[in-house]
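Colleague: I'm new to this one, so could you show it to me and let me ask how you know what you say about it?

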Amino acid sequence: MDGVKAAYDEIADWYEREFQPLPGLYRQLGDLLGSGTGLCLEIGCGTGAHAETVRSLGWTPIGLDLSTKMLGYANGRLPVARANAEHLPFADDSLPAVVSVMVHTDMPGYPAVLREVRRVLRPGGVFVHVGVHPCFCGHFADRADPASIVITPGYHDGSWTKKSWTDQGVRNRVGAAHWPAHQLLNAFPEAGLTLERFGEGDEPTPITFSVRARKQCTGGHREPVAAA
Ligand SMILES: C[S@@+](CC[C@H](N)C(=O)[O-])C[C@H]1O[C@@H](n2cnc3c(N)ncnc32)[C@H](O)[C@@H]1O
């Protein structure tokens, strides 16, 4: 492929064996995606942990990921392909639904990924993003005490970092890109996706932030807007 490093190859066994997805993730994904039929592509599907949620809503899940080892575990949970989400191997206007769960902090090229999502979605197609909360998670947030998250300077620094409040998680292993809230939210309309609905998950301070967006049907068609 295009030489993009699959950091998750190194940690796929640990991820499958020990990593516990947040329980609220399934509910947020289900609430925003809703029921439907036809193909639903998960970009960065990893080990396929969300295939069952997608299937239970009536959709037919398919997945893609950069990491061969993560896909080794996903195989059997949903049909998968190895690909870079910045170059989706699908025709224009071909998919009714796309989801991305806990991946934008692994994708420094997330704006390009969103443009690809818009390209492959059918007019009227739905895109659901569920990711870590941009305000309360990152190298600038110490979550060691869930009752009092400590925010340190660094929120506006979007650089890639492995700094984490724990040495037992994903981020201290593979690092993370950080998108301040305005950059993350602006990236959807800049890609030509219309924002529809939002969600926040977990108590007392949210860990996840989710978005439902849509590609407009012809008539309401909008071209991507230029970044400010
Ligand atoms: C934190 S894991 C999330 C996996 C799954 N969505 C879940 O919630 O369990 C992030 C995944 O994104 C994949 N990934 C990162 N960059 C990617 C890219 N450019 N294209 C496709 N997959 C990518 C990684 O290989 C990894 O499997």
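Modeller: Sure, we'll go through the ligand and then the nonpolar cores, keeping in mind that this is a predicted model.

Colleague: How do you know that Glu42 makes a polar contact with the ligand?

Modeller: A polar side-chain atom of Glu42 sits 2.8 Å from a ligand nitrogen. The cut-off for a pair of N or O atoms is 3.5 Å, so that pair counts.

Colleague: And what makes His50 and Ala85 count?

Modeller: For His50, a side-chain N or O atom is 2.7 Å from an oxygen atom of the ligand. For Ala85, a backbone N or O atom lies 2.9 Å from a ligand nitrogen. Both distances are within 3.5 Å, so both pairs are polar contacts.

Colleague: How much of the ligand does the protein cover?

Modeller: It covers 96% of the 600 Å² of accessible area that the ligand has on its own. The ligand is surrounded by 20 residues; by class, 11 are nonpolar, 5 polar and 4 charged.

Colleague: Now the cores: which residues have the most contacts inside the largest one?

Modeller: Ile43, Val98, Val117 and Phe127, in a core of 28 residues. Helix H5 (110–120) is one of the elements giving two or more residues to this core, and H5 gives the most, with 5.

Colleague: What does Ile43 touch?

Modeller: Leaving out residues up to four places away in sequence, its contacts include Leu64, Val98, Val117 and also Ala85.

Colleague: Which residues belong to the other core?

Modeller: That one has 14 residues and lies apart from the largest core; Leu32, Leu33, Cys40 and Trp59 are among them.

Note on methods:
Residues numbered from 1 in each chain as written. Predicted model: local features only at pLDDT ≥ 70, side-chain atom pairs only at ≥ 80, totals over all residues. Heavy atoms only, no water. Near = heavy atom within 4 Å. Polar contact = N/O pair within 3.5 Å; in protein donor to acceptor, adjacent residues only side chain to side chain. Areas by Shrake-Rupley, 256 points an atom, 1.4 Å probe, with all protein chains shown as cover. Nonpolar A, V, L, I, M, F, W, Y, C, P; charged D, E, K, R; others polar. Core = buried A, V, L, I, M, F, W, Y, C linked by side-chain atoms within 4.5 Å. Buried < 20%, exposed > 50% of the residue type's maximum accessible area, 1.4 Å probe, protein only. Helix = DSSP H or I, 4+ residues; strand = E, 2+ residues; numbered from the N terminus. Contact = heavy atoms within 4.5 Å.
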